[in-house]
Amino acid sequence: MSNQTILVLDFGGQYKELIARSIRDAKVYSLVKSGSISADEVRKINPIGIILTGGPNSVYGDSAQEFDADILSLGVPVLGICYGMQLLCHTLGGHVVSCKTSEFGVTKANLDNSSEIFKGVSAVTKVLMSHSDRVERAPEGFKVIGHTAKCPVCAVENPEKRLYGVQFHPEVELSVEGQQVLRNFLFNVCKASADYDLGDYIERKIKEVRETVGNDTVILGLSGGVDSSVAATLLSRAIGKQLICIFVDHGLMRENEGDEIESIFSKMDLHFVRVDAEARFLEKLKGVTDPEKKRKIIGAEFAYVFEEEARKFENARYLAQGTIYPDIIESGGKHNAVIKSHHNVGGLPEKLNFKGVVEPLNGLFKNEVRIVGKKLGLPDYLINRQPFPGPGLAVRVMGEVTKEKCDILRKADKIYRDEIEKSNVKVSQYFAVLTGVRTVGVMGDYRTYDYLVALRAVNTSDFMTAQYTPIPHRLLQKISSRIVNEVKGVNRVCYDITSKPPSTIEWE
Ligand code: XMP
């Protein structure tokens, strides 16, 4: 691939992924590397621009010392964001000081929109600030092109050297014209030509996989989630029956989910194995109520089952995984053949003596994986599937997990899903929870003492924070009525109106 590249240097900020994704959304290829990369390595990558991300550090700490200042003399345009701007200014002789009071939140910024970086942006615009240090004096040759009430040096530029810095976070939605700032950097400053798309991605990966594995057999743990499903489909195109997909059905899936996965993948050109392990998992979960213990038991059992099945295929030499780019970014770039930590098969390559790991999606963001999935012809409901936790319904049945409780939850959850799908409510993730609570009710002339079901629905773009979804009362009422009437064992429904934080999205 020979696309123009924007290099995003990571200084530990939480928004690096968002920056890299925004750049790709603008059809420019982005690559995230550690902030301690050397100027020589940067030269090899040959980027058309560099973004220094935010981060929790101070320029008087270690990471500033690790930064190779020669990167700023390569003649490549640089945009420093938040800590990145402080680092840029500090390195070039400006002065950074600690703010008397930190500035967190949305504020008005006055920006000089005659600068290339602020073209088309309002002179006064809302931005997200989140910092404890600030630039007090810009380096020589730099001009101050923005300020806020609390931050006199909120943006700087040296247009001759094509170096820019913004104290605010243009990458987040809360900075209302932030995307324009990023686009200005890409197209006005770096002169990007928007040459990146996923045009021949599938063909390239097919060729690469064939070259890597030759005639060897490859094993993939298929969960039915978006990543492993797209990986399986792509690999099937590349190597057909040389691919073995092992679907460990732990019996903790939603209604019909296991059968749906089987019906899609058993028709593909690959070797599909469904392992019915429900009884094994439920046996191991007997009497266990602690959520963390449940997760650990399920993770360990998953690995046992997968290993047992994989051993049946003695000739398998490669392990395939649906690892995606954020998994790699999150593990700090020190990735290579490390198993995705939440993938439940950690440690297997060593035990099973695989020659290597095949990860055909490891350069893609989730939205790009979906595009590839669509191109491969996977059905929409699978591609746009909401996230489902690895431990499945075990963390949605509070307390001890039993088949009876899972069955009750599956029925309630199915009704909830059907009704939401029929409505036009915009929601990122939603599910039913079987609380451990039983309550008194009355049905006909009889007293009942049955379960309380909770409904959860959230809107979020990153699942790190989330707002509860204001589902209309009328719809909630319909769902509640259907659940108590159609699901035996439930006589009360409540709706969870907490956001994350302080709650999490899942209940356990
Ligand atoms: P929380 O509950 O931490 O969840 O707010 C954030 C997102 O992660 C999903 N989740 C998991 N996904 N294994 C997974 O693969 C897990 O153990 C797990 N726990 C939570 C959750 O559904 C939500 O989308």
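**Exercise 1. Decide whether Asn256 counts as buried, partly exposed or exposed, and describe its backbone.**

In this predicted model, Asn256 has a relative accessibility of 40% and therefore counts as partly exposed, since that class lies between the limit of under 20% for buried and over 50% for exposed. The next step is to place the residue, and Asn256 is found in the loop between strand E11 (243-249) and helix H8 (257-265). Turning to the backbone, the phi of Asn256 is positive, at about 65°, although the residue is not a glycine. Most residues other than glycine have a negative phi.

**Exercise 2. Carry out the analysis of Exercise 1 for Ala194, starting from its phi.**

The phi of Ala194 is near 55°, which is again a positive value in a residue other than glycine. Ala194 belongs to the loop between helix H5 (178-189) and helix H6 (201-213), and with a relative accessible area of 32% it is partly exposed.

**Exercise 3. Find which peptide bonds leading to Pro501 and Pro502 are cis, and say where these residues lie.**

Begin with the bond that joins Lys500 and Pro501, which is cis with an omega of about -15°. Then take the bond from Pro501 to Pro502, for which omega is near 5°, and this bond is cis as well. Pro501 is located in the segment after strand E18 (490-495), and Pro502 likewise lies in the segment after E18.

**Exercise 4. Classify the ring pairs that Phe11 forms with Phe67 and Tyr83, and explain what they connect.**

For Phe11 and Phe67, the ring centres are 6.0 Å apart and the planes stand at 70°, so the pair is edge-to-face, given that angles over 60 degrees fall in that class. Phe11 sits in the loop between strand E1 (5-10) and helix H1 (16-25), while Phe67 sits in the loop between helix H3 (62-66) and strand E4 (78-81), so this pair ties together parts that are 56 residues apart in sequence. Phe11 and Tyr83 make a tilted pair, with 5.6 Å from centre to centre and 55° between the planes. This second pair links the loop between E1 and H1 with helix H4 (residues 83-91), which holds Tyr83, across 72 residues. To finish, compare the burial values: Phe11 is buried at 6%, Phe67 is buried at 7%, and Tyr83 is buried at 1%. Together, Phe11, Phe67 and Tyr83 form one aromatic cluster.

**Exercise 5. Describe the largest nonpolar core and explain why it lies between two domains.**

The largest nonpolar core has 107 residues, and Phe118 and Phe265 are those with the most contacts inside it. Helix H7 (residues 226-239) makes the greatest contribution to this core, giving eight residues. Domain 1 (5-189) and domain 2 (201-383) both supply residues to this core, so it lies between them. To look at one of its residues, the contacts of Phe118 beyond four places away in sequence include Leu111, Ile145, Val166 and Phe168. Apart from this core lies another of 49 residues, including Ile219 and Tyr451.

**Exercise 6. Judge whether the radius of gyration of the chain agrees or disagrees with that of a compact globule.**

For 508 residues a compact globule would have a radius of gyration near 23 Å, and the chain has 26 Å, which agrees. The C-alpha trace spans about 80 × 60 × 35 Å along its principal axes, and buried residues make up 55% of the chain.

Key:
Residues numbered from 1 in each chain as written. Predicted model: local features only at pLDDT ≥ 70, side-chain atom pairs only at ≥ 80, totals over all residues. Heavy atoms only, no water. Core = buried A, V, L, I, M, F, W, Y, C linked by side-chain atoms within 4.5 Å. Buried < 20%, exposed > 50% of the residue type's maximum accessible area, 1.4 Å probe, protein only. Helix = DSSP H or I, 4+ residues; strand = E, 2+ residues; numbered from the N terminus. Domains from an automatic or database assignment. Contact = heavy atoms within 4.5 Å. Rg over C-alpha atoms; globule rule 2.2 N^0.38 Å. Phe/Tyr/Trp six-rings, centres within 6.5 Å; stacked < 30°, edge-to-face > 60°.
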